[in-house]
Amino acid sequence: MAVNVPLILINDLPEQEIPTDDVYLIIGGNDAKKVKVSNLSEYLKKRLQIEDITTNVGNLFENINKKQDIIEDTGWVECKYGNGIVPYTSNSHARVRKIGNIVFLQGTLKNNTAWSTHDSILTFDKKFAPSQESRFLCQGSGLNRFLLTVRTTGICKVERYGTTKSITVETGAWLNVFATWVTG
């Protein structure tokens with residue numbers, strides 16, 4: 001059935017702040033419907049397949065919580081110390097933590113023997129290891145620095161201790177290890 005609708009300029013229409021229930025809108029293209037203003041909300045919910053706002057917000061929080069559960073957080077896990085290595089103080093133990101696929105290593109160590117390269121200063125479970133060997137510049141005693149290599153096996157190596165050239169790490173040196181990397 002064809003309907004003839006006269007064209008009216010929007011500016012010519014009277015403005016109503018709160019439409020009465022006898023006001024209708026024509027909605028749609030090929031499947032045009034005459035809808036009472038009071039039923040417009042329900043019509044749009046059905047047409048757009050949306051639920052009430054409370055349910056939508058509830059579903060959003062539920063989805064966020066599901067994703068949050070997927071992100072693993074191991075908490076802090078103590079590392080194993082290599083030959084002659086101990087924590088610098090009783091509260092500076094070396095430890096790792098994995099949140100999602102990001103790993104944090106922290107601790108302050110000292111050595112009970114002198115050396116210039118230590119092939120296994122720390123070790124930790126392979127699940128914390130980087131997907132490729134990673135190197136970090138760390139602070140030693142005074143102005144000394146050292147290269148910390150974190151291997152894909154979970155073994156950490158220290159080398160190149162010094163300021164301008166490699167020197168022997170004296171007994172009781174302050175070895176500060178802090179690093180962050182991504183796992184595979």
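Begin by selecting Phe 124 in this predicted model, and colour it by accessibility: Phe 124 is buried, since its relative accessible area is 9%, which falls under the 20% cut-off for that word. In the chain, Phe 124 belongs to the loop between strand S8 (118-123) and strand S9 (134-139).

Next, add Trp 181, which lies in strand S12 (residues 175-182) and is also buried, with a relative accessible area of 5%. How are the rings of Phe 124 and Trp 181 arranged? Their centres are 5.9 Å apart and their planes meet at 20 degrees, so the pair counts as stacked, because planes under 30 degrees apart are given that name. This pair joins distant parts of the chain, as Phe 124 and Trp 181 are 57 residues apart.

Keep Trp 181 on display and select Phe 136 in strand S9, a residue that counts as buried at 16% relative accessibility. Phe 136 and Trp 181 form a tilted aromatic pair, with 5.9 Å from centre to centre and 40 degrees between the planes, and this pair too links distant parts of the chain, 45 residues apart.

Now add Phe 128 to the selection, and you will have a whole cluster in view: ring pairs link Phe 124, Phe 128, Phe 136 and Trp 181. A search of the whole structure finds four aromatic pairs.

Finally, turn to the charged side chains that lie over rings. Select Trp 76 together with Arg 95, which lies over the face of Trp 76 at 4.5 Å from the ring centre; then select Tyr 88 and Lys 110, where Lys 110 lies over the face of Tyr 88, at 5.9 Å from the ring centre.

Technical notes
Residues numbered from 1 in each chain as written. Predicted model: local features only at pLDDT ≥ 70, side-chain atom pairs only at ≥ 80, totals over all residues. Heavy atoms only, no water. Phe/Tyr/Trp six-rings, centres within 6.5 Å; stacked < 30°, edge-to-face > 60°. Helix = DSSP H or I, 4+ residues; strand = E, 2+ residues; numbered from the N terminus. Buried < 20%, exposed > 50% of the residue type's maximum accessible area, 1.4 Å probe, protein only. Lys NZ or Arg CZ within 6 Å of the ring centre and 35° of its normal.
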